[in-house]
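Biologist: Could you take a close look at one part of this model for me, and explain step by step how its pieces are arranged? I am new to reading structures, so please take your time.

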Amino acid sequence: MTGEKRREDFLEAIFVLKLRPGCVRSVDVARQLGIAKSSVSRTLKALVQEGYVEAPTSDSSALSLTNAGMQLARQTYERHCFFRDWLLWAGVDPETAEAEACLLEHAISQKSFGLIRSALGEGKATAI
């Protein structure tokens with residue numbers, strides 16, 4: 001695996017794609033992340049070995065997150081949404097807010113994020 005950021009990006013992409021109807025396949029992840037399908041295949045193999053993604057079965061090419069994968073994906077997505085919403089609230093344009101939220105979601109620990117969210121008020125981000 002090439003690092004924690006890449007792991008979190010892949011898990012978050014699978015999580016977000018699972019929010020939509022239909023199954024999630026590696027080609028969907030490649031499209032979502034804007035990378036080659038071969039890169040997705042290599043990373044997915046590592047995520048399976050690390051216990052974050054369930055190996056696709058011979059009956060289906062659908063991707064599924066393990067409990068550990070789901071937990072990390074949710075945490076990453078929660079940080080992303082929180083920072084995106086706060087940036088939008090502050091007046092940052094949507095494209096920049098989305099890009100910078102992607103950076104911020106990886107730059108902060110879950111502990112620090114929890115403290116910031118509590119200090120700023122959890123309900124405020126969802127009310128924006």
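Modeller: This is a predicted model, and I will begin with helix α2, which spans residues 26-33, and helix α3, which spans residues 37-50; their axes come within 9 Å and cross at roughly 115°. Because angles from 65 to 115 degrees count as roughly perpendicular, α2 is described as roughly perpendicular to α3, and the crossing of these two helices is right-handed. On the α2 side the contact is made by S26, V27, V29 and A30, which meet K37, V40 and L44 of α3. Sorted by the character of their side chains, the residues of this contact comprise five nonpolar, one polar and one charged.

Staying with helix α2, we also find R31 there, and this residue counts as exposed because its relative accessibility is 60%, where the cut-off for exposed is over 50%. R31 lies 18 residues from A13 in sequence, while their C-alpha atoms are 9.8 Å apart in space.

For a second pair of helices, consider α1, made of residues 4-18, and α4, made of residues 67-89, whose axes come within 8 Å and cross at roughly 90°; α1 is therefore roughly perpendicular to α4. Here R7, E8, L11, E12, F15 and V16 of α1 meet a set of α4 residues that includes G69, M70, L72, A73 and R74, and the residues of this contact divide into seven nonpolar, three polar and five charged.

Terms used. Residues numbered from 1 in each chain as written. Predicted model: local features only at pLDDT ≥ 70, side-chain atom pairs only at ≥ 80, totals over all residues. Heavy atoms only, no water. Axes fitted to C-alpha atoms, helices over the stretch in contact; angles between N-to-C directions. Helix = DSSP H or I, 4+ residues; strand = E, 2+ residues; numbered from the N terminus. Parallel < 35°, antiparallel > 145°, perpendicular 65-115°, else oblique. Left-handed = near helix turned anticlockwise from the far one by under 90°. Contact = heavy atoms within 4.5 Å. Nonpolar A, V, L, I, M, F, W, Y, C, P; charged D, E, K, R; others polar. Buried < 20%, exposed > 50% of the residue type's maximum accessible area, 1.4 Å probe, protein only.
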